Amino acid sequence: MPEYIAAIDQGTTSTRCMLFDHHGQVISAAQKEHSQIYPQPGWVEHDPLEIWECTQDVIRRSLAKGDINPRDILAIGVTNQRETTLIWDKQTGQPYGNAIVWQDTRTKQICDDLAEDGGLDRFRDQTGLPLATYFSGPKIKWILENINGAMADVDLGNALFGNIDTWIIWWLTGGPNGGSHVTDVTNASRTLLMNLKTLDWDAELLTTLGIPRQMLPRIVPSSDSQTWGSTSQDGPFGAAVPVCGDLGDQQAALVGQACFLPGETKNTYGTGCFMLLNTGRDIVPSKSGLLTTVAYQLGESPPIYALEGSVAITGALIQWLRDNLGLIQNSSEVEELARSVSDNGGVYFVPAFSGLFAPYWRSDARGVIAGLTRFANKGHIARAALEAAAFQSREVLEAMQSDSGVNLSQLKVDGGMVVNELLMQFQADILGVPVVRPKVSETTALGAAYAAGLAIGLWDDTDDLRANWEQDKVWQPNMDSETQKVLYAGWKKAVTRTFDWIE
(Lines give C-alpha, C1' and ligand atoms only; values in the text may rest on other atoms or scores of the structure.)
Protein backbone atom coordinates (compact mmCIF):
# COMPACT_ATOMS: atom_id res chain seq x y z
CA MET A 1 0.00 0.00 0.00
CA PRO A 2 1.47 3.43 -0.96
CA GLU A 3 2.25 5.81 1.89
CA TYR A 4 2.50 9.57 1.43
CA ILE A 5 3.01 12.69 3.50
CA ALA A 6 1.25 15.92 2.51
CA ALA A 7 2.98 19.28 2.92
CA ILE A 8 1.11 22.55 2.76
CA ASP A 9 3.53 25.34 1.90
CA GLN A 10 1.80 28.68 2.40
CA GLY A 11 4.22 31.30 1.09
CA THR A 12 4.24 35.04 0.58
CA THR A 13 2.97 34.93 -3.00
CA SER A 14 1.36 31.50 -3.37
CA THR A 15 0.20 28.32 -1.67
CA ARG A 16 1.27 24.81 -2.59
CA CYS A 17 0.30 21.31 -1.62
CA MET A 18 3.01 18.73 -2.31
CA LEU A 19 2.82 14.99 -1.70
CA PHE A 20 6.05 13.13 -0.88
CA ASP A 21 6.91 9.45 -0.65
CA HIS A 22 9.27 7.72 1.79
CA HIS A 23 12.30 8.66 -0.37
CA GLY A 24 11.46 12.36 -0.18
CA GLN A 25 10.44 12.45 -3.84
CA VAL A 26 7.60 14.63 -5.07
CA ILE A 27 4.62 12.52 -6.15
CA SER A 28 2.21 15.33 -6.95
CA ALA A 29 1.94 19.08 -6.49
CA ALA A 30 -0.41 21.98 -7.11
CA GLN A 31 0.14 25.71 -6.62
CA LYS A 32 -1.96 28.87 -6.66
CA GLU A 33 -1.05 32.54 -6.27
CA HIS A 34 -2.97 34.91 -4.03
CA SER A 35 -3.43 38.68 -4.16
CA GLN A 36 -0.83 41.14 -2.92
CA ILE A 37 -2.56 44.14 -1.35
CA TYR A 38 -0.77 47.50 -0.99
CA PRO A 39 -3.15 49.99 0.71
CA GLN A 40 -0.46 52.68 0.94
CA PRO A 41 3.34 52.96 0.66
CA GLY A 42 5.06 50.58 3.07
CA TRP A 43 1.90 48.59 3.80
CA VAL A 44 1.57 44.99 2.56
CA GLU A 45 -1.49 42.82 3.25
CA HIS A 46 -3.00 39.45 2.37
CA ASP A 47 -6.62 38.32 2.54
CA PRO A 48 -6.62 35.39 5.01
CA LEU A 49 -9.87 33.96 3.64
CA GLU A 50 -8.41 33.96 0.12
CA ILE A 51 -5.37 32.10 1.47
CA TRP A 52 -7.62 29.46 3.05
CA GLU A 53 -9.56 29.10 -0.22
CA CYS A 54 -6.27 28.68 -2.11
CA THR A 55 -5.16 26.08 0.43
CA GLN A 56 -8.29 24.00 -0.08
CA ASP A 57 -7.97 24.30 -3.85
CA VAL A 58 -4.33 23.11 -4.04
CA ILE A 59 -5.03 20.20 -1.69
CA ARG A 60 -7.84 18.94 -3.89
CA ARG A 61 -5.89 19.48 -7.11
CA SER A 62 -2.73 17.76 -5.86
CA LEU A 63 -4.75 14.70 -4.83
CA ALA A 64 -6.55 14.64 -8.18
CA LYS A 65 -3.40 15.27 -10.20
CA GLY A 66 -1.61 12.33 -8.59
CA ASP A 67 -4.76 10.19 -8.49
CA ILE A 68 -4.08 9.74 -4.77
CA ASN A 69 -6.47 8.03 -2.40
CA PRO A 70 -6.75 10.34 0.65
CA ARG A 71 -6.53 7.30 2.91
CA ASP A 72 -2.94 6.83 1.69
CA ILE A 73 -1.97 10.20 3.23
CA LEU A 74 -0.43 9.36 6.60
CA ALA A 75 0.05 12.85 7.99
CA ILE A 76 0.15 16.55 7.15
CA GLY A 77 2.93 19.06 7.73
CA VAL A 78 2.46 22.82 7.41
CA THR A 79 5.07 25.43 6.56
CA ASN A 80 4.41 29.12 6.16
CA GLN A 81 5.51 32.64 5.54
CA ARG A 82 6.62 33.70 8.99
CA GLU A 83 5.68 36.85 10.94
CA THR A 84 2.60 37.57 8.79
CA THR A 85 0.00 38.42 11.40
CA LEU A 86 -3.76 38.19 11.75
CA ILE A 87 -6.44 38.15 14.43
CA TRP A 88 -9.79 36.45 13.90
CA ASP A 89 -13.08 35.67 15.63
CA LYS A 90 -12.96 32.09 16.89
CA GLN A 91 -16.74 31.75 16.70
CA THR A 92 -17.01 32.64 13.00
CA GLY A 93 -13.50 32.42 11.56
CA GLN A 94 -13.83 35.98 10.26
CA PRO A 95 -10.57 37.97 10.42
CA TYR A 96 -10.42 41.46 11.87
CA GLY A 97 -9.15 42.81 8.57
CA ASN A 98 -6.40 41.59 6.27
CA ALA A 99 -3.26 39.88 7.50
CA ILE A 100 -0.30 42.23 7.95
CA VAL A 101 2.57 40.74 5.92
CA TRP A 102 6.10 40.37 7.25
CA GLN A 103 7.32 43.00 4.74
CA ASP A 104 4.92 45.64 6.08
CA THR A 105 6.51 48.68 7.76
CA ARG A 106 3.49 50.38 9.38
CA THR A 107 4.73 49.48 12.88
CA LYS A 108 7.88 51.60 12.61
CA GLN A 109 6.61 54.14 15.16
CA ILE A 110 5.67 51.39 17.60
CA CYS A 111 9.18 49.94 17.29
CA ASP A 112 10.80 53.37 17.63
CA ASP A 113 8.77 54.10 20.77
CA LEU A 114 9.74 50.75 22.31
CA ALA A 115 13.39 51.36 21.44
CA GLU A 116 13.48 54.62 23.40
CA ASP A 117 14.06 52.50 26.52
CA GLY A 118 16.94 50.13 25.80
CA GLY A 119 17.46 50.61 22.07
CA LEU A 120 16.78 48.23 19.20
CA ASP A 121 18.31 45.34 21.16
CA ARG A 122 16.01 45.88 24.14
CA PHE A 123 14.49 42.38 23.88
CA ARG A 124 17.36 40.55 22.19
CA ASP A 125 18.44 38.65 25.34
CA GLN A 126 15.01 37.04 25.66
CA THR A 127 14.06 36.68 21.98
CA GLY A 128 17.27 36.76 19.93
CA LEU A 129 15.67 39.50 17.82
CA PRO A 130 16.05 43.25 17.40
CA LEU A 131 13.09 45.59 17.54
CA ALA A 132 11.93 45.72 13.91
CA THR A 133 8.76 46.02 11.87
CA TYR A 134 9.51 42.50 10.58
CA PHE A 135 8.17 40.65 13.62
CA SER A 136 4.64 39.76 14.74
CA GLY A 137 4.47 41.37 18.19
CA PRO A 138 4.36 45.01 17.02
CA LYS A 139 1.85 44.00 14.33
CA ILE A 140 -0.47 42.49 16.98
CA LYS A 141 -0.17 45.69 18.99
CA TRP A 142 -1.06 47.77 15.92
CA ILE A 143 -4.18 45.69 15.19
CA LEU A 144 -5.38 45.88 18.79
CA GLU A 145 -4.90 49.65 18.83
CA ASN A 146 -6.35 50.40 15.40
CA ILE A 147 -9.08 47.87 14.52
CA ASN A 148 -12.42 48.58 16.15
CA GLY A 149 -13.66 45.79 18.38
CA ALA A 150 -10.49 43.70 18.29
CA MET A 151 -9.29 44.40 21.83
CA ALA A 152 -12.81 44.13 23.27
CA ASP A 153 -13.24 40.70 21.70
CA VAL A 154 -9.82 39.60 22.99
CA ASP A 155 -10.92 40.57 26.50
CA LEU A 156 -14.08 38.48 26.02
CA GLY A 157 -11.99 35.51 24.89
CA ASN A 158 -13.44 35.56 21.36
CA ALA A 159 -10.42 36.73 19.33
CA LEU A 160 -7.37 34.67 18.42
CA PHE A 161 -3.95 35.65 17.10
CA GLY A 162 -1.97 33.56 14.71
CA ASN A 163 0.68 33.66 12.06
CA ILE A 164 -0.37 31.85 8.90
CA ASP A 165 0.63 28.41 10.20
CA THR A 166 -1.79 28.81 13.11
CA TRP A 167 -4.55 30.01 10.78
CA ILE A 168 -4.15 27.04 8.39
CA ILE A 169 -3.90 24.43 11.17
CA TRP A 170 -6.94 25.91 12.94
CA TRP A 171 -9.04 25.54 9.80
CA LEU A 172 -7.65 22.09 8.88
CA THR A 173 -8.54 20.72 12.32
CA GLY A 174 -12.07 22.11 12.49
CA GLY A 175 -11.98 25.92 12.51
CA PRO A 176 -14.92 27.25 14.55
CA ASN A 177 -15.81 23.64 15.39
CA GLY A 178 -12.96 22.95 17.79
CA GLY A 179 -9.96 23.74 15.60
CA SER A 180 -6.56 23.52 17.32
CA HIS A 181 -5.04 26.90 18.18
CA VAL A 182 -1.31 26.10 18.07
CA THR A 183 1.99 27.30 16.69
CA ASP A 184 5.37 25.63 16.72
CA VAL A 185 8.54 26.87 18.40
CA THR A 186 10.06 28.16 15.15
CA ASN A 187 7.12 30.40 14.33
CA ALA A 188 6.72 31.48 17.95
CA SER A 189 10.38 32.50 17.99
CA ARG A 190 9.58 35.10 15.28
CA THR A 191 6.90 36.97 17.20
CA LEU A 192 9.21 38.96 19.52
CA LEU A 193 7.11 37.45 22.33
CA MET A 194 8.67 34.03 23.02
CA ASN A 195 11.58 33.45 25.37
CA LEU A 196 14.23 31.37 23.57
CA LYS A 197 15.26 29.59 26.77
CA THR A 198 11.83 28.66 28.14
CA LEU A 199 10.09 28.20 24.77
CA ASP A 200 7.08 29.95 26.26
CA TRP A 201 5.45 33.36 25.92
CA ASP A 202 7.41 35.86 28.01
CA ALA A 203 5.23 37.61 30.60
CA GLU A 204 7.39 40.75 30.64
CA LEU A 205 7.24 41.14 26.87
CA LEU A 206 3.49 40.62 26.79
CA THR A 207 3.02 43.30 29.43
CA THR A 208 5.35 45.74 27.67
CA LEU A 209 3.58 45.34 24.32
CA GLY A 210 0.11 45.22 25.86
CA ILE A 211 -0.77 41.82 24.38
CA PRO A 212 -3.15 39.56 26.38
CA ARG A 213 -1.86 36.01 26.74
CA GLN A 214 -5.29 34.45 26.17
CA MET A 215 -5.26 35.40 22.48
CA LEU A 216 -1.99 33.55 21.81
CA PRO A 217 -1.73 29.97 20.52
CA ARG A 218 -0.24 27.08 22.46
CA ILE A 219 3.43 26.54 21.58
CA VAL A 220 4.22 22.99 20.43
CA PRO A 221 7.22 21.12 18.95
CA SER A 222 7.81 21.31 15.20
CA SER A 223 7.25 17.56 14.94
CA ASP A 224 4.72 16.32 17.45
CA SER A 225 3.46 12.77 17.92
CA GLN A 226 0.69 14.28 20.07
CA THR A 227 -1.18 15.39 16.95
CA TRP A 228 -3.12 18.63 17.07
CA GLY A 229 -6.17 17.14 15.40
CA SER A 230 -7.19 15.62 12.09
CA THR A 231 -8.90 16.79 8.97
CA SER A 232 -12.58 15.94 8.53
CA GLN A 233 -14.32 13.77 5.98
CA ASP A 234 -15.96 16.82 4.43
CA GLY A 235 -12.73 18.86 4.36
CA PRO A 236 -10.38 19.26 1.39
CA PHE A 237 -8.56 15.97 2.08
CA GLY A 238 -11.82 14.03 2.21
CA ALA A 239 -10.52 11.84 5.04
CA ALA A 240 -9.27 12.01 8.61
CA VAL A 241 -5.56 12.80 8.33
CA PRO A 242 -3.50 13.87 11.39
CA VAL A 243 -1.80 17.28 11.38
CA CYS A 244 1.46 16.93 13.30
CA GLY A 245 4.21 18.95 11.58
CA ASP A 246 4.72 22.72 11.64
CA LEU A 247 7.77 24.78 10.73
CA GLY A 248 8.37 28.35 9.61
CA ASP A 249 9.40 28.28 5.97
CA GLN A 250 13.09 28.96 6.43
CA GLN A 251 13.48 26.46 9.26
CA ALA A 252 11.59 23.96 7.11
CA ALA A 253 14.14 24.48 4.34
CA LEU A 254 16.96 23.84 6.83
CA VAL A 255 15.32 20.51 7.72
CA GLY A 256 14.62 19.74 4.06
CA GLN A 257 18.30 20.33 3.28
CA ALA A 258 19.22 17.88 6.08
CA CYS A 259 21.34 20.51 7.86
CA PHE A 260 21.20 18.70 11.19
CA LEU A 261 24.78 19.27 12.39
CA PRO A 262 26.17 22.48 13.92
CA GLY A 263 27.83 24.57 11.23
CA GLU A 264 25.69 23.27 8.35
CA THR A 265 24.17 26.13 6.37
CA LYS A 266 21.52 26.68 3.71
CA ASN A 267 20.32 29.71 1.75
CA THR A 268 16.77 29.94 0.38
CA TYR A 269 16.01 32.23 -2.56
CA GLY A 270 12.31 33.05 -2.57
CA THR A 271 10.39 36.28 -2.12
CA GLY A 272 13.26 37.23 0.16
CA CYS A 273 16.53 35.47 0.85
CA PHE A 274 17.19 33.63 4.10
CA MET A 275 20.42 32.03 5.23
CA LEU A 276 20.40 29.78 8.31
CA LEU A 277 23.34 28.22 10.14
CA ASN A 278 22.66 25.38 12.57
CA THR A 279 24.21 26.16 15.98
CA GLY A 280 23.00 22.98 17.70
CA ARG A 281 21.72 23.33 21.25
CA ASP A 282 23.64 26.57 21.74
CA ILE A 283 21.83 29.91 21.70
CA VAL A 284 24.43 32.06 19.92
CA PRO A 285 23.90 35.82 20.37
CA SER A 286 24.65 37.88 17.28
CA LYS A 287 26.90 40.92 17.32
CA SER A 288 26.72 41.32 13.54
CA GLY A 289 23.07 42.06 12.81
CA LEU A 290 21.80 38.48 12.55
CA LEU A 291 18.86 36.83 14.29
CA THR A 292 19.09 34.07 16.87
CA THR A 293 16.17 31.75 16.27
CA VAL A 294 14.85 28.26 16.93
CA ALA A 295 15.79 25.95 14.05
CA TYR A 296 13.44 23.10 14.99
CA GLN A 297 12.32 20.85 17.83
CA LEU A 298 11.58 17.20 17.11
CA GLY A 299 9.17 15.72 19.63
CA GLU A 300 10.44 15.84 23.19
CA SER A 301 14.08 16.34 22.15
CA PRO A 302 15.76 19.60 23.14
CA PRO A 303 15.36 22.45 20.66
CA ILE A 304 18.01 23.13 18.03
CA TYR A 305 18.92 26.76 17.41
CA ALA A 306 20.24 28.71 14.43
CA LEU A 307 21.69 32.02 13.34
CA GLU A 308 19.71 33.61 10.53
CA GLY A 309 20.37 36.37 8.04
CA SER A 310 17.10 37.67 6.58
CA VAL A 311 16.97 39.65 3.33
CA ALA A 312 13.56 41.17 2.57
CA ILE A 313 13.56 41.39 -1.22
CA THR A 314 15.14 39.05 -3.79
CA GLY A 315 12.61 37.09 -5.84
CA ALA A 316 10.07 39.85 -5.16
CA LEU A 317 12.36 42.19 -7.11
CA ILE A 318 12.00 40.02 -10.21
CA GLN A 319 8.21 40.14 -9.76
CA TRP A 320 8.51 43.93 -9.50
CA LEU A 321 10.38 44.06 -12.82
CA ARG A 322 7.52 42.02 -14.30
CA ASP A 323 4.48 43.61 -12.68
CA ASN A 324 5.51 47.22 -12.05
CA LEU A 325 7.93 47.95 -14.91
CA GLY A 326 6.83 45.41 -17.51
CA LEU A 327 10.45 44.59 -18.44
CA ILE A 328 9.52 40.90 -18.66
CA GLN A 329 6.27 38.99 -19.15
CA ASN A 330 7.22 36.01 -16.99
CA SER A 331 9.72 35.80 -14.14
CA SER A 332 11.60 33.03 -15.97
CA GLU A 333 12.53 35.53 -18.71
CA VAL A 334 14.81 37.55 -16.44
CA GLU A 335 17.80 35.25 -16.97
CA GLU A 336 17.72 35.62 -20.75
CA LEU A 337 17.38 39.40 -20.44
CA ALA A 338 20.28 39.53 -17.96
CA ARG A 339 22.42 37.41 -20.32
CA SER A 340 21.91 39.99 -23.09
CA VAL A 341 24.71 42.00 -21.46
CA SER A 342 28.15 40.80 -20.38
CA ASP A 343 28.12 42.51 -16.97
CA ASN A 344 26.08 44.97 -14.91
CA GLY A 345 27.48 48.01 -16.75
CA GLY A 346 28.19 49.69 -13.44
CA VAL A 347 24.53 49.46 -12.38
CA TYR A 348 23.56 48.36 -8.85
CA PHE A 349 20.01 47.78 -7.64
CA VAL A 350 19.49 47.81 -3.86
CA PRO A 351 15.87 46.66 -3.31
CA ALA A 352 15.21 48.23 0.08
CA PHE A 353 11.47 48.35 -0.61
CA SER A 354 10.72 47.41 3.01
CA GLY A 355 13.88 48.92 4.45
CA LEU A 356 17.01 46.82 4.88
CA PHE A 357 17.00 43.66 6.98
CA ALA A 358 20.19 41.81 7.98
CA PRO A 359 22.81 42.90 8.71
CA TYR A 360 21.70 46.57 8.73
CA TRP A 361 18.14 46.65 10.16
CA ARG A 362 17.43 50.07 8.67
CA SER A 363 13.69 50.71 8.39
CA ASP A 364 14.53 54.20 7.11
CA ALA A 365 16.10 52.82 3.92
CA ARG A 366 14.35 52.69 0.54
CA GLY A 367 15.24 51.15 -2.80
CA VAL A 368 17.90 52.66 -5.04
CA ILE A 369 19.21 52.04 -8.56
CA ALA A 370 22.72 53.50 -8.64
CA GLY A 371 25.41 53.93 -11.29
CA LEU A 372 23.08 54.74 -14.18
CA THR A 373 24.54 56.21 -17.37
CA ARG A 374 23.24 56.57 -20.95
CA PHE A 375 24.99 53.24 -21.61
CA ALA A 376 22.68 51.34 -19.24
CA ASN A 377 19.75 49.39 -20.69
CA LYS A 378 17.09 46.99 -19.46
CA GLY A 379 19.54 44.09 -19.63
CA HIS A 380 21.77 45.85 -17.11
CA ILE A 381 18.76 46.49 -14.86
CA ALA A 382 17.82 42.81 -15.00
CA ARG A 383 21.38 41.71 -14.29
CA ALA A 384 21.67 44.14 -11.38
CA ALA A 385 18.41 42.77 -9.95
CA LEU A 386 19.77 39.22 -9.99
CA GLU A 387 23.15 40.26 -8.61
CA ALA A 388 21.40 42.03 -5.72
CA ALA A 389 20.37 38.63 -4.34
CA ALA A 390 23.97 37.41 -4.44
CA PHE A 391 25.47 40.58 -2.95
CA GLN A 392 22.98 40.59 -0.09
CA SER A 393 23.71 36.90 0.57
CA ARG A 394 27.43 37.66 0.81
CA GLU A 395 26.77 40.37 3.39
CA VAL A 396 24.77 37.90 5.46
CA LEU A 397 27.43 35.20 5.12
CA GLU A 398 30.16 37.54 6.31
CA ALA A 399 28.09 38.42 9.38
CA MET A 400 27.43 34.73 10.01
CA GLN A 401 31.11 33.85 9.84
CA SER A 402 31.91 36.71 12.22
CA ASP A 403 29.34 35.54 14.80
CA SER A 404 29.99 31.81 14.57
CA GLY A 405 33.68 31.60 13.72
CA VAL A 406 32.73 29.01 11.07
CA ASN A 407 34.22 29.44 7.61
CA LEU A 408 31.84 28.10 5.02
CA SER A 409 33.23 25.43 2.67
CA GLN A 410 30.11 25.31 0.48
CA LEU A 411 26.60 26.78 0.39
CA LYS A 412 23.49 24.61 -0.01
CA VAL A 413 20.81 26.52 -1.90
CA ASP A 414 17.09 26.05 -2.54
CA GLY A 415 13.95 27.95 -3.45
CA GLY A 416 12.41 29.18 -6.67
CA MET A 417 15.36 31.28 -7.86
CA VAL A 418 17.92 28.45 -7.87
CA VAL A 419 16.78 27.41 -11.36
CA ASN A 420 18.46 30.63 -12.53
CA GLU A 421 21.93 29.41 -13.49
CA LEU A 422 23.32 32.89 -14.11
CA LEU A 423 22.45 33.85 -10.53
CA MET A 424 23.88 30.65 -9.08
CA GLN A 425 27.18 31.09 -10.92
CA PHE A 426 27.43 34.72 -9.82
CA GLN A 427 26.64 33.66 -6.25
CA ALA A 428 29.54 31.20 -6.28
CA ASP A 429 31.79 33.85 -7.84
CA ILE A 430 31.02 36.61 -5.35
CA LEU A 431 31.23 34.24 -2.35
CA GLY A 432 34.31 32.38 -3.52
CA VAL A 433 32.85 29.00 -2.44
CA PRO A 434 30.94 26.27 -4.31
CA VAL A 435 27.16 26.57 -4.47
CA VAL A 436 25.25 23.27 -4.29
CA ARG A 437 21.67 22.66 -5.45
CA PRO A 438 19.80 19.51 -4.31
CA LYS A 439 17.64 17.38 -6.59
CA VAL A 440 14.54 18.47 -4.68
CA SER A 441 14.95 22.24 -4.72
CA GLU A 442 11.62 22.95 -3.00
CA THR A 443 13.03 21.94 0.35
CA THR A 444 10.61 24.11 2.33
CA ALA A 445 7.70 21.78 1.63
CA LEU A 446 10.00 18.77 2.03
CA GLY A 447 11.01 19.93 5.52
CA ALA A 448 7.37 20.21 6.57
CA ALA A 449 6.75 16.71 5.23
CA TYR A 450 9.75 15.40 7.17
CA ALA A 451 8.44 16.97 10.40
CA ALA A 452 5.06 15.26 9.99
CA GLY A 453 6.60 11.95 8.88
CA LEU A 454 8.94 11.81 11.86
CA ALA A 455 6.00 12.39 14.18
CA ILE A 456 4.11 9.32 12.93
CA GLY A 457 7.19 7.12 12.46
CA LEU A 458 7.45 7.03 8.65
CA TRP A 459 11.09 8.02 9.17
CA ASP A 460 12.96 6.83 12.24
CA ASP A 461 15.35 9.73 12.72
CA THR A 462 17.35 12.46 11.01
CA ASP A 463 19.79 9.89 9.60
CA ASP A 464 16.94 8.60 7.45
CA LEU A 465 16.32 12.11 6.18
CA ARG A 466 19.99 12.74 5.45
CA ALA A 467 20.05 9.54 3.36
CA ASN A 468 17.34 11.04 1.12
CA TRP A 469 19.35 14.16 0.25
CA GLU A 470 20.84 14.10 -3.25
CA GLN A 471 23.00 16.63 -5.06
CA ASP A 472 21.79 17.97 -8.40
CA LYS A 473 24.41 20.52 -9.49
CA VAL A 474 27.44 22.40 -8.16
CA TRP A 475 28.67 25.82 -9.32
CA GLN A 476 32.37 26.45 -8.71
CA PRO A 477 33.67 30.01 -8.21
CA ASN A 478 35.26 31.34 -11.38
CA MET A 479 36.00 35.02 -10.74
CA ASP A 480 39.39 36.57 -10.07
CA SER A 481 39.78 38.22 -6.68
CA GLU A 482 40.30 41.74 -8.04
CA THR A 483 37.04 41.70 -10.03
CA GLN A 484 35.23 40.30 -7.01
CA LYS A 485 36.67 43.05 -4.82
CA VAL A 486 35.67 45.85 -7.21
CA LEU A 487 32.13 44.57 -7.71
CA TYR A 488 31.51 44.12 -4.00
CA ALA A 489 32.89 47.57 -3.19
CA GLY A 490 30.44 49.05 -5.71
CA TRP A 491 27.60 47.22 -4.00
CA LYS A 492 28.60 48.46 -0.53
CA LYS A 493 28.70 52.02 -1.84
CA ALA A 494 25.24 51.65 -3.40
CA VAL A 495 23.82 50.35 -0.10
CA THR A 496 24.83 53.54 1.70
CA ARG A 497 22.74 55.56 -0.77
CA THR A 498 19.55 53.93 0.61
CA PHE A 499 20.04 55.18 4.19
CA ASP A 500 17.99 57.93 5.87
CA TRP A 501 15.41 58.15 3.07
CA ILE A 502 12.50 58.08 5.54
CA GLU A 503 12.82 60.83 8.13
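About 570 Å³ of space lies in the second largest pocket of this predicted model, and that is a good place to start a tour. Of the 24 residues that line the second largest pocket, Tyr38, Val44, Gln103, Trp320 and Phe353 are the closest to its centre. By class, this lining holds eight nonpolar, 12 polar and four charged residues. Helix H10 supplies the largest share of the lining of the second largest pocket, with six residues.

Which element gives the largest share of the lining of the largest pocket? Here too the answer is H10, with five residues. The largest pocket holds about 870 Å³ of space. It is lined by 41 residues, and those closest to its centre are Tyr269, Gly270, Thr271, Gly416 and Met417. Several elements give two or more residues to this lining: strands E1 (4-10), E2 (14-20), E3 (26-33) and E14 (265-269), together with helices H9 (249-256), H10 (315-325), H11 (334-338) and H14 (443-456). The lining of the largest pocket divides into 10 nonpolar, 21 polar and 10 charged residues.

Here are the two pockets side by side.

| Pocket | Volume | Lining residues | Share from H10 |
|---|---|---|---|
| Largest pocket | about 870 Å³ | 41 residues | five residues |
| Second largest pocket | about 570 Å³ | 24 residues | six residues |

**The strands E1, E2 and E3**

Strands E1, E2 and E3 are among the elements that give two or more residues to the lining of the largest pocket, and E2 pairs with both of the others. E1 and E2 run antiparallel over six bridges, and the two strands form a hairpin with three residues between them. Within this pairing, Ile8 stands opposite Cys17 in E2. E2 and E3 are also antiparallel, joined by seven bridges. Leu19 has Ser28 in E3 as its bridge partner. The hairpin of E2 and E3 has five residues between the strands, and Gly24 there takes a positive phi near 75 degrees.

How many of the seven residues of E2 are buried? The count is seven of seven, and the strand is mostly covered. Both faces are covered: on one side Ser14, Arg16, Met18 and Phe20 are buried, and on the other Thr15, Cys17 and Leu19 are buried as well.

**Aromatic pairs and charges over rings**

The whole structure contains 25 aromatic pairs. One of them joins Trp88 and Trp167 in an edge-to-face arrangement, with 5.1 Å centre to centre and 70 degrees between the planes. Trp88 belongs to strand E6 (residues 85-89) and Trp167 to helix H6 (residues 164-172), so this pair ties together parts that are 79 residues apart in sequence. Both Trp88 and Trp167 are buried.

In contrast to that edge-to-face geometry, Phe357 and Trp361 form a stacked pair, at 5.2 Å centre to centre with 20 degrees between the planes. Are Phe357 and Trp361 buried or exposed? Phe357 counts as buried because its relative accessibility is 5%. Trp361 is buried too, with a relative accessible area of 13%. These two rings belong to a cluster in which ring pairs link Trp102, Tyr134, Phe135, Phe274, Phe357 and Trp361.

Phe274, a member of that cluster, also has a charged neighbour: Arg82 lies over its face, at 5.4 Å from the ring centre. Elsewhere, Arg106 lies over the face of Trp142, at 4.6 Å from the ring centre.

**Helices H6 and H7**

Helix H6, home of Trp167, is mostly covered, with nine of its nine residues buried. The buried residues are Ile164, Asp165, Thr166, Trp167, Ile168, Ile169, Trp170, Trp171 and Leu172. Just after H6, Gly174 takes a positive phi of about 135 degrees.

Further along comes helix H7 (residues 185-188), where Val185 lies. Val185 counts as buried because its relative accessibility is 1%. Which residue, 110 places away along the chain, has its C-alpha atom 8.5 Å from that of Val185? That residue is Ala295.

Conventions:
Residues are numbered from 1 along each chain as its sequence is written. This is a predicted model: local features need pLDDT of at least 70, side-chain atom pairs count only at pLDDT 80 or more; totals for chains, interfaces and linings use all residues. Side-chain values use heavy atoms; hydrogens and water are left out. On a 1 Å grid over the protein atoms alone, a cavity is a set of points where a 1.4 Å probe fits but cannot get out, and a pocket is an open set with protein on both sides within 12 Å along at least five of seven lines; lining residues have an atom within 4 Å of a point. Grid points are joined across faces, edges and corners, and a volume is the space filled by probe spheres set on the points. Helices (H or I, at least four residues) and strands (E, at least two) are DSSP runs, numbered from the N terminus. Ala, Val, Leu, Ile, Met, Phe, Trp, Tyr, Cys and Pro count as nonpolar, Asp, Glu, Lys and Arg as charged, and the others, Gly among them, as polar. Buried means under 20% relative accessible area, exposed over 50%, partly exposed in between (1.4 Å probe, protein chains only). Two strands pair if DSSP finds at least two bridges between them. Rings of Phe, Tyr and Trp (its six-membered ring) pair if their centres lie within 6.5 Å; planes under 30 degrees apart count as stacked, over 60 as edge-to-face and the rest as tilted. A charge sits over a ring if NZ of Lys or CZ of Arg is within 6 Å of the ring centre and within 35 degrees of the ring normal.
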